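Please look through the model below before reading on, and keep it open beside this note. The points are written for someone meeting such a structure early in their studies.

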Amino acid sequence: MGIILDKAPMIARPIPGGQVLLTTADYFIDLGRKYSVWPLTFGLACCAIEMMVAYAGRFDFDRLGVIPRPSPRQADLLLIAGTVTKKMAGPIQEIYHQMPEPRFVISMGSCANCGGPYFDSYSVVKGVDRIIPVDVYIPGCPPRPEALIYGVLELQKKITRMKLAKGGGATHQQEKGSRDLAGSNA
Ligand code: SF4
């Protein structure tokens, strides 16, 4: 209770002898989601090293409630870090669809965003958003761990705007399953 009052004193109303909390279900559900973002970490190349560093002692990602889960059944964030080859596109989509709703995706680094230095390669997907919807893009080659932490903070802002009345919290793109793209040249 103390943590809730620290984070959101505006929902406490004084009554004789104490306080009562008065708010919407959306607020409480979003609050829980926001502080328990469990990522399935999908390290594909050098950006994965920066992602791992974010969990080390200096940056201590766990303090934001971002605790890695190696199972798609228990994760709500898919963290794509590195070069997405066409060979890996299928497994990424399969894992994404095994995750429960609402699920989120962060694309970390130029390779995952758009192909990066390998944009012209025959074997590289030109952005992971060609195969699954992305919520937050983190630029850089590679982005530093601070950038990843900033990306998660931006995702938390997005989560606080979710409404149960709109499709159980999933965005339109999440319901659709992917942004695109049957027949594209991903
Ligand atoms: S964006 Fe740069 S650092 Fe990241 S995976 Fe691609 S080449 Fe490696």
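The numbered points below take up the sheet, one of its strands, a helix, a loop residue and the ligand in turn.

1. The model is a predicted one, and this should be kept in mind through every point that follows. As a general reminder, the strands of a sheet pair through backbone hydrogen bonds, and this pairing can be either parallel or antiparallel.

2. In this model, four strands form an open sheet in the order β3-β4-β5-β6, and their pairing is parallel. Strands β3 (39-43) and β6 (136-138) stand at the edges with a single partner strand each, so one side of each has no neighbour in the sheet. From one strand to the next, the twist averages 15°.

3. Within the sheet, it is worth following how strand β4 (residues 77-81) and strand β5 (residues 104-108) are joined, since they pair in the parallel sense over five bridges. L79 stands opposite I106 of β5, while A81 has M108 of β5 as its bridge partner.

4. How enclosed is β5 by the rest of the structure? Five of its five residues are buried, so β5 is largely enclosed. The side chains can be sorted by direction, with F104, I106 and M108 pointing one way from the strand and V105 and S107 pointing the other way, and all of them are buried.

5. Helix α3 (residues 47-54) has C47, A48, E50, M51 and A54 as its buried residues. When the helix is viewed down its axis, these buried residues fall within an arc of 155°, so they line one face of α3. The general background is that an α-helix has 3.6 residues a turn, so residues three or four places apart point the same way. The elements that cover the buried residues of α3 include β3, β4 and β5, together with α6 (145-159).

6. A residue in a loop deserves a separate check: is I132, which lies in the loop between α5 (110-114) and β6, buried or exposed? I132 counts as buried, because its relative accessibility is 0%, and the cut-off for buried is under 20%. I132 and Y96 are 36 residues apart along the chain, and their C-alpha atoms are separated by 7.6 Å.

7. Lastly, which residues are found around the ligand? They are A45, C46, C47, G82, T83, S110, C111, P117, G140, C141 and P142. Sorted by class, this shell has seven nonpolar and four polar residues, and no charged residues. C47 thus appears both in the shell around the ligand and among the buried residues of α3.

Note on methods
Residues are numbered from 1 along each chain as its sequence is written. This is a predicted model: local features need pLDDT of at least 70, side-chain atom pairs count only at pLDDT 80 or more; totals for chains, interfaces and linings use all residues. Side-chain values use heavy atoms; hydrogens and water are left out. Two strands pair if DSSP finds at least two bridges between them. Helices (H or I, at least four residues) and strands (E, at least two) are DSSP runs, numbered from the N terminus. Axes are lines fitted to C-alpha atoms, for helices over the stretch in contact, and angles run from 0 to 180 degrees between N-to-C directions. A residue is near a molecule or strand if one of its heavy atoms lies within 4 Å of it. Ala, Val, Leu, Ile, Met, Phe, Trp, Tyr, Cys and Pro count as nonpolar, Asp, Glu, Lys and Arg as charged, and the others, Gly among them, as polar. Buried means under 20% relative accessible area, exposed over 50%, partly exposed in between (1.4 Å probe, protein chains only). The arc is that of the directions from the helix axis to the C-beta atoms. Contact means heavy atoms within 4.5 Å.
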